[in-house]
Amino acid sequence: MGSDEARDAGPDPAEARRRMAIAGVGAVALFLVVQLGALALVDPFVSAGYQQVEDPTDPTNSVLYVGVLLVATGGILLVVRLGVEWVLRAVILLTSGLLAWYVLSVVVPAVVPGALGGWLALAAAAGVTIALYVHPEWYVIDAAGVLIGAGGAGLFGISFGPLPAILLLSILAVYDAIAVYRTEHMLDLAESVTDLRLPLVLVIPLSRSYSFLEAEGVGAQSEGPRDAFFIGLGDAVIPTVLVASAGVFVQAPSLGVPGLALTLPALTAMLGTVVGLIALLGMVAKGRAHAGLPLLNGGTIAGYLIGATAAGIPLVEAVGIAPYL
C-alpha cells in the first residue's frame with residue numbers, strides 16, 4: 001500500500017519513458033500472476049478446509065481484519081523505531097514459510113500423492129524460508145511474493161463473501177489514502193520494509209545488472225535515476241481478495257478455463273485492477289508518492305460490479321446486501 005517507490009526515472013525523457021514502460025509491464029505481469037494463482041488455489045483451498053472464518057458472509061469479518069492490520073502496522077513501526085528489525089524479519093520469514101506451506105500443501109500432493117507429497121510440500125516451504133533468509137535477491141523476493149501473495153489472497157477470498165470483500169477493499173482504500181497523504185506513516189513503513197529485503201514488496205529491475213542485495217538505501221526517497229521499481233505486495237494482494245471471492249461465491253457461469261475458478265465477474269474484477277494499476281503508474285511517473293489502493297481497489301470493485309451486472313446478477317446480490325433488505 002502506498003506506491004511511492006517509483007519516482008524520477010532520470011533526466012533523459014526517452015530513458016524515463018523506457019524505464020516506466022518496463023516497470024509498467026513488470027507490475028502488470030506480477031499482478032496477473034498473483035491473481036491467476038489465487039483463482040487456481042481457491043477450489044483446492046476449499047476442499048482442504050482452509051476457510052478462515054465460520055461465516056464468510058458476515059461483514060464484521062472485514063472490520064476485525066482491518067483492526068488486526070492496524071495493530072500489525074503499529075507493531076512494525078514500533079519495531080523499526082526501537083531498532084530491533086530482526087524481530088520483524090523473523091516474524092515475516094516464519095509467516096512466509098507458513099503461507100508457502102498452505103499453497104504447496106495443495107499443489108505438491110496433486111502431483112506427488114500420498115505421504116511423500118506432504119513431506120515434499122513441507123520441505124519446499126522450508127526451502128522458501130531459507131532462500132529468503134540466505135539470499136534475498138530480487139528474483140527470490142518476487143518468486144516468494146507471488147507464491148505467498150496468491151496464497152494469502154486465495155485464503156481471504158474463500159473466507160470473505162462479496163460484501164465483506166467489498167467492505168475490506170473500501171476501508172483499506174480510505175486508510176491507505178490517509179496513511180500516505182495525511183499522516184504519511186505508510187511512506188515510512190514502505191521505506192523500512194524495502195530496506196529489510198523482505199517479501200513485502202515486489203521488485204522490478206530496470207537494468208540487467210541490477211542487484212537487490214548490492215543496492216544501498218533502496219527504500220530511500222531518491223530524486224535521481226533508479227535501477228528498480230518497487231510496489232507493495234499488499235497492493236497486489238488486497239484487490240485480489242475480491243477477485244478470488246468472485247470466483248467462489250458469485251453464482252455466475254464458469255468461463256471454462258481449466259484449473260481456474262474464473263467467472264465473468266472475476267475476470268472483469270481483474271481487468272479493473274489492471275486499469276487501476278495503469279492509472280496509478282501514470283500518476284507515479286510524474287514523480288510524486290501516491291496511495292495505491294484507492295485506484296487499485298476502486299478499479300477492482302467497479303470491474304466486479306460491471307461483470308456481475310453483465311452476467312445478469314442483480315446489483316443487491318452482487319454487493320451481498322440482499323439478505324439485509
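# A guided tour of the protein chain

Of the 325 residues in the protein chain, 52% are buried, where buried means under 20% relative accessible area, exposed over 50%, and partly exposed in between (1.4 Å probe, protein chains only). Before you start clicking, know that this is a predicted model, in which local features need pLDDT of at least 70 and side-chain atom pairs count only at pLDDT 80 or more, while totals for chains, interfaces and linings use all residues. Residues are numbered from 1 along each chain as its sequence is written, and side-chain values use heavy atoms, with hydrogens and water left out.

**Stop 1: the whole chain**

Show the chain as a cartoon. You should find 11 helices and 2 strands; helices (H or I, at least four residues) and strands (E, at least two) are DSSP runs, numbered from the N terminus. Following the chain from the N terminus, the order is α-α-α-α-α-α-α-β-β-α-α-α-α. The radius of gyration is 19 Å, close to the 20 Å that the globule rule gives for 325 residues, so the chain is as compact as a globular protein of that length. Here the radius of gyration is taken over C-alpha atoms, and the globule rule is 2.2 Å times the number of residues to the power 0.38. Turn the model around: along its principal axes the C-alpha trace spans about 55 × 45 × 35 Å.

Contacts will come up often on this tour, and a contact means heavy atoms within 4.5 Å. Among contacts between residues at least 6 apart in sequence, 78% join residues at least 24 apart.

**Stop 2: α5 against α8**

Select residues 138–157 for helix α5 and residues 233–249 for helix α8. Their axes come within 7 Å and cross at roughly 45°. Axes are lines fitted to C-alpha atoms, for helices over the stretch in contact, and angles run from 0 to 180 degrees between N-to-C directions. This angle makes α5 oblique to α8: angles under 35 degrees count as roughly parallel, over 145 as roughly antiparallel, 65 to 115 as roughly perpendicular and the rest as oblique. The crossing is right-handed; a crossing is right-handed if the near helix is turned clockwise from the far one by less than a right angle, and left-handed if anticlockwise.

Now show side chains. From α5 come G145, I148, G149, A153, F156 and G157, and from α8 come L233, V237, T240, V241, A244, S245 and F249. These contact residues divide into 8 nonpolar, 5 polar and no charged. Ala, Val, Leu, Ile, Met, Phe, Trp, Tyr, Cys and Pro count as nonpolar, Asp, Glu, Lys and Arg as charged, and the others, Gly among them, as polar.

**Stop 3: α6 against α8**

Keep α8 and add residues 162–182, helix α6. The two pack at an angle of about 170°, with their axes 9 Å apart, and are therefore roughly antiparallel to each other. Colour P162, A165, I166, L168, L169 and L172 of α6, then I238, P239, V241, L242, S245 and F249 of α8, to see who makes the contact. By class there are 11 nonpolar, 1 polar and no charged residues.

**Stop 4: α2 against α7**

Next, select residues 60–82 (helix α2) and residues 185–195 (helix α7), whose axes come within 10 Å and cross at roughly 60°. That makes α2 oblique to α7, and the crossing is left-handed. T73, I76, L77 and V80 in α2 meet H185, L189, S192 and V193 in α7. This contact holds 5 nonpolar, 3 polar and no charged residues.

**Stop 5: R197**

Move to the loop between α7 and β1 (201–205), where you will find R197. Most residues other than glycine have a negative phi. Phi of R197, however, is near 55°, a positive value. R197 is buried, with a relative accessible area of 16%.

**Stop 6: Q35 and T273**

Which residues does Q35 touch? Leaving out residues up to four places away in sequence, Q35 touches T240, V243, M270 and T273. Q35 is in helix α1 (residues 13–47) and is buried, at a relative accessible area of 0%.

Click on T273 in helix α9 (residues 264–284). T273 counts as buried at 1% relative accessibility. With the same sequence neighbours left out, T273 touches F31, Q35, P239, V243, L296, G299 and T300.

**Stop 7: two distances to draw**

Pick G232 in strand β2 (residues 228–232), a buried residue with a relative accessible area of 7%. Draw a line to F31: the C-alpha atoms are separated by 11 Å, although the residues are 201 apart along the chain.

Finish at A302 in helix α10 (residues 293–310). A302 is partly exposed, with a relative accessible area of 36%. The C-alpha atoms of A302 and A90, 212 residues apart along the chain, are separated by 38 Å.
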